[in-house]
Amino acid sequence: MSDDFEKAVLITFSFDGSYNPQLKEQASSFINDIKRSTECWRLCVERFSASPYSEVKFWCLQTLHELIRTSYGALADKGKIRTALMTWVQRDCNTQQPPLTPFLRNKVAQCLVAVLQYEYPGCWPTFFHDLIAAMAQGEGVVDMFCRVLLSVDEDIVSLDIPRSQDESRLSMHVKDSMREHSLGEVAGAWYRLAAGYRDKNPELAAQVLATMARYIPWIDINLVANDKFLPLLLSLMDAPHTDLRCAAVDCVTEMLSKRMDAAPKLNLIQNMKIVNVAATWSGGFPVRYGEEDDEEAVVVRFARLLATLATEIMDSLKRVENSVISISAVGFSVSDDAASEASRASETAAHMLSQLFPAVLAAFKSSCDDVALPLLPFMGAYVARLKGLAKRSSGLSPETLAEVRAIVEGIAVAAKFPTPGASYGGAPPAQPTELVAAQEELEAVNEKRRDLFTLLRNISKTCFPEVLGFVGAVLGAVLSRPDAAWQDVEVAVSLLYELGEGAPEDAFKPDTGGLAALALALVQRGLQPGIARHRLVALAVLESCVRYSRVLQQQPAAIPSALAVFLDGRGMGHPAEDVSTRACYLFARLVKMLRQNIRPYLPDVLASLQPHLQRVATTPLAAGSGGGGSNAGASAMDGVAVTGGGGGGGGATSSCKPTAPANSCVDDRLYVFDAVGLLAGQEELSPEQQLQLLGQLIQPLLGQVEENLPPLRAAAAAVAGVMPPGGAAGAAAAAVAAVAAAALVLQSLEAISRLSKGFRTDLVTRQRPQLATMFVRSLQVAVAAPAAAPTNKLLRSRFISFVHRMVECLGPALLPYLPPALEVLLSTQADVQDLSDLVVLVNQLLSRFREALAGLLEALLPPLVVRVHAALGADWDWSGKMATPSAMRPATDGAAVTVEDARERGELQRVYYLLLSAVTSTGMSTALLKVPPAALEAAVVGLTRGAATHVDPNVRRTCLQVFSRLVGDWCSSPAPPPGASAAAPAGAATASGGGPPVGVEVVPGFRRYAMERLGEEACIVGLLRPAAGGGAPGPGTTAGVSTAFLDIRDAAVLNLLGDAAAALKLIYAKCGEEFPGHLVGAVLPAVGLASAAQQQLIYLIREGEAKELRDYLRALVGQAQQAQQQQHQGAVAGGR
């Protein structure tokens, strides 16, 4: 069986294709049967030592480990397992003929630790003692001692690994037991091993110290930080063996990092005598001769130790000072002893910091990020302390200011791009790997600069003159050096940019502000041509020009130089697309701030812009290729605040749905048209000059639209089944041409939209109507685009955005030209989403133009209402439950009604309600009378069901308000009976809302319908008997069993009840006593309302205030909800 067993294990571990799958499956089944045997552990113990194969040994250890972890309590002869494991440690792991491989040693250690979880300390209290005693047998056992301790840390103790509640309890139990029984002996063994093997086997000594470093965070610090151990560690920090030095440094770092109170921590640091050692590192970290290959690893370890030491001293100093300040702040007196102790601790910490600071500054100015960046937390705390010192005293000492300058110098060094690096200066590299490397380098630099520049800004708030002087010196040096490296130039410009954030206002004044002088020097003197065109340098200069635009505003003579930066090869003409794109966006920001100042240079600026405008208009970016987002190519300026967005994009509707998702694909190069629009739209230009400029800008764009309509029409015809010449190949070619044509049309429409932003409505329509003619012509040309490509959703969305923009630009002057635009949108509507976008557009037009849109609305509303109801379908659930994910169900035709379909239809229902609300609130409800009778009836029914059953109380409110307006507009008050007083019922004057003359009905029978549907279904039954059904409860509702209740605590529900109360009083005003009679006779008894409650409700409808009626409805809803819950609880109890 043993031979078969070994063969089976070897077959399962073979992955070179030597065995066929059937044989491997048989072998796996064979050894799995062995695993299930109760005596499997005996086989593992026997075969581990006997087998010469590592695969068999590993299988035995792995299986034994699983058995111990899962069923150790059920195993017989546990002592034999313990004995076998210790034998392997002392025999198999301690032999060199042949040596046991490291992965098998680790597995033996894991098995031992698995036993430890059950046996220590109760059944095997001498576990660690036995292991330590066995180390006398050789270095192999010492190695296993370290591996076992590492396994204890990884498998039981370490909190870095997520653990269950039981595992956490076990971890605490093991740690407490080790503290009580074993750690003293373990720490003694660490010392003996490190001291004994430092010379004869330094690798093994390093392994011991690396193990000890894992335990220092949770053991008693006095076990290792004592007069015996500390001198050893300090001496090992200068050992000739690199790994041993690094391990000793790591142990000292862990001791310093140990969480302690402030005073004991300072005492510990003093006793360690590490400050005197670290102070000698001001000339560099101690790298020994011959360590060149490992120099970086050694230096990084020492740098981490120095950063930890400085940070811990600073933290302790802050805690000591804050403890005294906090006690005094709450009114308690501080004893003399406590004050004296705090003073001594503060002096000690300050003295240690002063000793360390030269070494800290030297490390912070290192060009190695792994050396400098770990000191950032300390530097941040130090600068915060300086801020407090500056407030408490008249100023900072010269020595402190010198330290500040050194810190800023360190920031400049750490913020540089690496030399050599992967960043490119001109056109992007052809090799994708080079491009990826450049992008990764840029992201890494930006990541570290976030913290570095935050530190710089914090320093400048306290020591602005010193920071300004340093930045000025650095910038002056690179401006005067023709051979300056681009990394030096870029970081100098970036420091200038960062210093402008939050700088004092006086610093921006050209006469007195040094910051303004630096900005003007950068713009006017300029950089060396080769360096200035480097991609990252160009981006930094562009960002700085925008940040210091107010300096340019005060010094107009510098404006031409600043404009040249954007207009030549350093900006929009740069071969790197990210630079030219970013330049377009930043130029728009610059023009927005310097619009008036640029006017004298307008002809030259427009002439220089012409090739850039043409390039942007005729070379649209491919969809999904990026270029969007105003942070494109931000390089070192990725923290700059960016405003603006899609240009011409429709905003969110009142249902929070964007109307033009195409804007996410707009590239930022189009911002140049924003800038040109701002320049050309200035009222100070003469009418002739302005008209000429606008024509020169718009005509090429309109021509581009018209030229690309035929390919769109040809592709649409091919889709419709009209085969072009060339058959299928011709259709494919037409489709390709249509894609390119659509991109050009989209680019043109967006460019015109952005141009129009610079022209005020009053200027275009009243002062200079010739300009309006140009924009009207643009709309007339644009109308043909969605008609030419009716299935292109991107083009349709962009056209809707274009209409929005023209509305803002032309105002009421656009009204005569809107019908063709709306007609083409209606005629090309392909799905529910298209229809929703159109309804949203009409809603916004109604909100903008109100009664002025009456004529257009009467023509548009009938077909639009018909389309909406056709899209929703006759079986649509107006309660909104179908639009919830839990409501997905198969349709009657067997097709799946997806969540997305239901969501789109639910969104259409919402915007449709908003459309009806807009129509009625603007006094144009008569337009609904033009709707075909069947569609009008469907609309009224949809309103009724929405008001009575919708899961969203806000939607219910909208429906109630629309219905109430229709009642007010279409229903008259009842004629008084013969001989009766003509006085209206109480409250009618305020509730009736006007309407037709007494006794006249605009829609025959609508008063009766309103009484039964609005008054009964929506305001009574819909509130007191929530509709049953599936779906998730909406906002303002609480889930019950197959029922959605209105949550009367919700503000939206309270508003709904207020509208319901107003509607009830309105119906009473319109219907008179017939309405209370209808309620008492049929409605209120059906909902289970008691007689007294009925009388109170009728009284409030007749004579009460609307607020009183609302509060009573709220009480009734609460009672109905409570009664239904009690009924359900009783049914459940009865079922049991």
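Cavity, pocket and helix H49 in a predicted model

Reader: Which residues line the largest cavity?
Author: The model is predicted. Two elements, helix H24 (514-525) and helix H26 (535-547), each supply at least two residues of this lining. The full lining of the largest cavity is Leu522, Val523, Gly526, Leu527, Ala532, Ala538, Val541, Val565 and Arg570.

Reader: How do the residues of the lining of the largest cavity divide into nonpolar, polar and charged?
Author: Gly counts as polar and Arg as charged, and the lining includes Gly526 and Arg570. The division is therefore seven nonpolar, one polar and one charged.

Reader: What volume does the largest pocket have, and which helix gives the largest share of its lining?
Author: The largest pocket has a volume of about 470 Å³. Its lining has 16 residues, with Leu159, Asp160, Arg214, Pro217 and Trp218 nearest the centre. Helices H8 (139-157), H11 (202-215) and H13 (242-257) each give two or more residues. The largest share, three residues, comes from H8.

Reader: How many residues of the lining of the largest pocket are charged?
Author: Asp and Arg count as charged, and Asp160 and Arg214 are among the residues nearest the pocket centre. Over the whole lining, six residues are nonpolar and two are polar, while the number charged is eight.

Reader: Why do the buried residues of H49 lie on the same side?
Author: In H49, the buried residues are Ala1093, Gln1094, Leu1097, Ile1098, Leu1100 and Ile1101. They lie on the same side of H49 because they cover an arc of only 160 degrees around the axis. The face turned away from that buried side carries the exposed residues Ala1092, Gln1095 and Glu1103. The value that places the buried residues together is thus the arc, 160 degrees.

Note on methods
Residues are numbered from 1 along each chain as its sequence is written. This is a predicted model: local features need pLDDT of at least 70, side-chain atom pairs count only at pLDDT 80 or more; totals for chains, interfaces and linings use all residues. Side-chain values use heavy atoms; hydrogens and water are left out. On a 1 Å grid over the protein atoms alone, a cavity is a set of points where a 1.4 Å probe fits but cannot get out, and a pocket is an open set with protein on both sides within 12 Å along at least five of seven lines; lining residues have an atom within 4 Å of a point. Helices (H or I, at least four residues) and strands (E, at least two) are DSSP runs, numbered from the N terminus. Buried means under 20% relative accessible area, exposed over 50%, partly exposed in between (1.4 Å probe, protein chains only). The arc is that of the directions from the helix axis to the C-beta atoms. Grid points are joined across faces, edges and corners, and a volume is the space filled by probe spheres set on the points.
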